[in-house]
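Thank you all for coming. I would like to walk you through one structure, slowly, for those who have not met it before.

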Amino acid sequence: MSTTSINALVDAEQGSSLWRDAWLRLSRNRPALAGFAVLTLFVLVAILTPWVAPYDYAQQNLELGATPPSADHWLGTDIFGRDLLTQIMYGGRISLAVGFIATAVALLIGVSWGAIAGYMGGRIDAVMMRLVDILYALPFMIFIVLLMVVFGRNMLLLFLAIGAVEWLTMARIMRAQVQSLRQQEFVEAAVSLGLSPLAIIWRHVIPNALGPIIVYTTLTVPSVMLLEAFLSFLGLGVQPPETSWGLLISFGTETMEEYPWLLFFPGLVLAITLFALNFLGDGLRDALDVRGAKD
Amino acid sequence: MWRFIGSRLLQAIPVLLVVITVTFFLVRVAPGGPFSSEKAVTPEVKAALEAQYRLDRPVLEQYIAYLGDLIRGDLGPSFKYPGRSVNELIAAGFPVTAELALYALLVALLIGVGAGVVASLRPNTAQDYIPMSAAMIGICIPSLLLGPLLILVFGIYLDWLPVSGWGDMPGDKILPAITLGAVYAAYIARLSRAGMLEVMTQDYIRTARAKGIPEWRVVVVHGLRGGLTPVVAFLGPAFAGLLSGSFVVETIFQVPGLGRFYVQAAFNRDYTMILGATVFLSSLIVVFNLLSDVLNAWMNPRLRSRAGQNT
């Protein structure tokens, strides 16, 4: 057999791999791709905001006041004469950061918790998952409001509180995956080779359980962003002079009769982001063939 | 069945105890005492106030006394409204919130199940895509955005409906109920579509059709019972969501419900009110999760044995 035909064989084999298949299915899913493109754009803009924002964040122009969209201010200005597009860009930095960082916190806690419980089994598993059951029954929204009241409206706390709430489902999914995986021969082989449980979980179990985790992560980001918007709307989340989309919507609501664009544009951006994340999540679920990740 | 209910009830008790304990100690470690804002208070008055609210005793003693009060159903006095108890405030606010949540749930169920079933009858046609796209829109427009938009369109531009209040003017309950229910309508539509799609391909449906039962009866009588199990399972979490969602909706529409009290208590640092309302809402949510589980087990007997085994 020549080298080229071996390469062709390798290619053919890769062609049928789970990830390649999933990628093919995803690339045929237009809404999911569009969602991915929009998200990439928003994230890039958020990262580059200090350099690409058309105006200075804090620059007020009280004489100008609130003006509708114009050539100078594409999305108009708020009652202090601040450029709305700039406000939305800076708000997006915080809204997206909350979305991604809180999800990362949830991912870290949930995956480790579920993997350890599922792999250890027995009494450790029973205790760990009982705790998850108990936490599941708590009304978390109320608890986050409580936390924000008790500890002041601290951004770091907001990240942690939301992340600490959202890891439960992740832990359950991970545990179910691990339980079915640890029966399999390659894990038994790794055990008989003398690998430590931690190494087995990290090297063999987690990579094989990635599909559902990726899908659920994508679907967690929008619910986290909603939580942040919800808290900021009530005045319990992000505080001025910082801003976020939820806070902009809240201010827009106060003056929506006279200046509807102040409500409309931040709302539109939030809705588009949620659409993009949901479409991408649904697309990934179909592509990776994950059942029952969310509904 | 009774054993199932009993075991679920037993599980609810530790959950509630965790809620009460965590809330109690969180509130106690909160920076700034409840009376620190009132500068004019003399030390004697302050001491008297603290004695009245038992704040001069050790925390553990306060906790045990609070638990004792709770068992008697007493949530304590409000810090901010002297002379009013948390019980009174909850009694004033909760009926309003419950009514709002009930209407929202009705809106969600009617629209959601209707849309989901209609969509499931002809999958992958316009009859499926249109309601399901609407559901996607419903999921992506949160209540904090939908509420103001509805006010702007129906309250201000068209001037069809009142935009605030509760029971003061005819029709002022419509917009809050829709705002609160919309997201759940969307989720229920997706759940009932998926449930119906799965059920309608099963053998017993084919048998029903073969017996010559009219199609609407097959769908409504035979299909719905199995197809709606995921919806029933969703009702518990949905109710929890409706209660906390009412925080935003009551704020937008100025509805004098428990949600608005809670948010105001949060701003005023009315710790006893926060503590009492948290305990009250949590118990309610735990009870509703329980009811939803029981209803689900009743509709789907297979769940009873499974739940008995691993939880």
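I will begin with how the model is to be read, then take the two chains, the contact between them, the core, and one helix.

This is a predicted model, in which local features need pLDDT of at least 70 and side-chain atom pairs count only at pLDDT 80 or more, while totals for chains, interfaces and linings use all residues. Residues are numbered from 1 along each chain as its sequence is written, and chains are lettered from A and ligands numbered from 1 in the order in which they are written.

Let me start with the chains. Chain A has 12 helices and zero strands, and chain B has 13 helices and zero strands, where helices (H or I, at least four residues) and strands (E, at least two) are DSSP runs, numbered from the N terminus. Of the 295 residues in chain A, 46% are buried, and of the 311 residues in chain B, 39% are buried; a residue is called buried if 20 or more other C-beta atoms, placed from the backbone, lie within 10 Å of its own.

How many residues does each chain bring to the contact between them? Chain A brings 31 residues and chain B brings 38 residues, with two residues taken to be in contact if their C-beta atoms, placed from the backbone, lie within 7 Å. On the side of chain A that touches chain B, α12(A) gives the most, with seven residues. The residues on that side of chain A divide into 24 nonpolar, four polar and three charged, counting Ala, Val, Leu, Ile, Met, Phe, Trp, Tyr, Cys and Pro as nonpolar, Asp, Glu, Lys and Arg as charged, and the others, Gly among them, as polar.

Turning to the interior, the largest nonpolar core, meaning a set of buried Ala, Val, Leu, Ile, Met, Phe, Trp, Tyr and Cys residues joined through C-beta atoms within 7 Å, has 160 residues, and those with the most contacts inside it are I144(A), I162(A) and I188(B). The largest share of this core, 16 residues, comes from α12(A). Leaving aside residues up to four places away in sequence, I144(A) touches A161(A), I162(A), V165(A), L227(A) and L231(A).

Finally, please look at helix α6 of chain B, residues 143-157. Among its buried residues are L144(B), G147(B) and I151(B), and what covers the buried residues of α6(B) includes α10, α11 and α12 of chain A together with α7 and α10 of chain B. Just after α6(B), D159(B) takes a positive phi of about 55°.

Notes:
A residue is buried if 20 or more other C-beta atoms lie within 10 Å of its own, exposed if 12 or fewer, and partly exposed in between; C-beta atoms are placed from the backbone. The expected span of a helix is 1.5 Å times one less than its number of residues.
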